[in-house]
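User: I am new to this structure and would like to understand its charged pairs. Please take me through them.

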Amino acid sequence: SDHKILDPKKLLELKLKKYKYKRNLSDAHSSTNREWMHGYIAEEVEALGFSEIVQYNAEGSPDKLDYGLFSTLVLELVKVQQQEIEYLKNKVEELDKK
């Protein structure tokens, strides 16, 4: 079934974070050959209303993000922006004709 995101522009409010894992999880750094990791905070994503991409731990607290699903939300934002671009292009064309 179709799924409509109420306000995909809220994604623009997210702030990219730079972080290091704690020592007990530091294998993620060596497996990606990176000292620093980059991403978003699950609690902040949830607070903006995008809980469908948040994965929860056994206690029901936000644990991590599904970045595969995150990309689908970004595509929906691109679609909204493309509609706005087309609208503005049409308005400019109308004004040029006058």
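**Salt bridges**

User: Which residue forms a salt bridge with Glu 76?
Analyst: This is a predicted model, where local features need pLDDT of at least 70, side-chain atom pairs count only at pLDDT 80 or more, and totals for chains, interfaces and linings use all residues. Residues are numbered from 1 along each chain as its sequence is written, and side-chain values use heavy atoms, with hydrogens and water left out. A salt bridge means a side-chain nitrogen of Lys or Arg within 4 Å of a carboxyl oxygen of Asp or Glu. At 3.0 Å between the closest N and O atoms, the partner of Glu 76 is Lys 79.

User: Where do Glu 76 and Lys 79 lie?
Analyst: Three residues separate them, about one turn of the helix. Helices are DSSP runs of at least four residues (H or I), strands of at least two (E), numbered from the N terminus. Both residues lie in helix H3.

User: Is Glu 76 buried or exposed?
Analyst: Buried means under 20% relative accessible area, exposed over 50%, and partly exposed in between (1.4 Å probe, protein chains only). Glu 76 has 28% relative accessibility, so it counts as partly exposed.

User: How far apart are the closest N and O atoms of Lys 9 and Glu 84?
Analyst: This pair links distant parts of the chain, 75 residues apart. Lys 9 is in the segment before strand E1 (17–19), and Glu 84 is in helix H3 (residues 67–97). They form a salt bridge, with the closest N and O atoms apart by 2.4 Å.

User: How many salt bridges does a search of the whole structure find?
Analyst: Among them is Glu 94 with Lys 91, at 3.9 Å. The search finds five.
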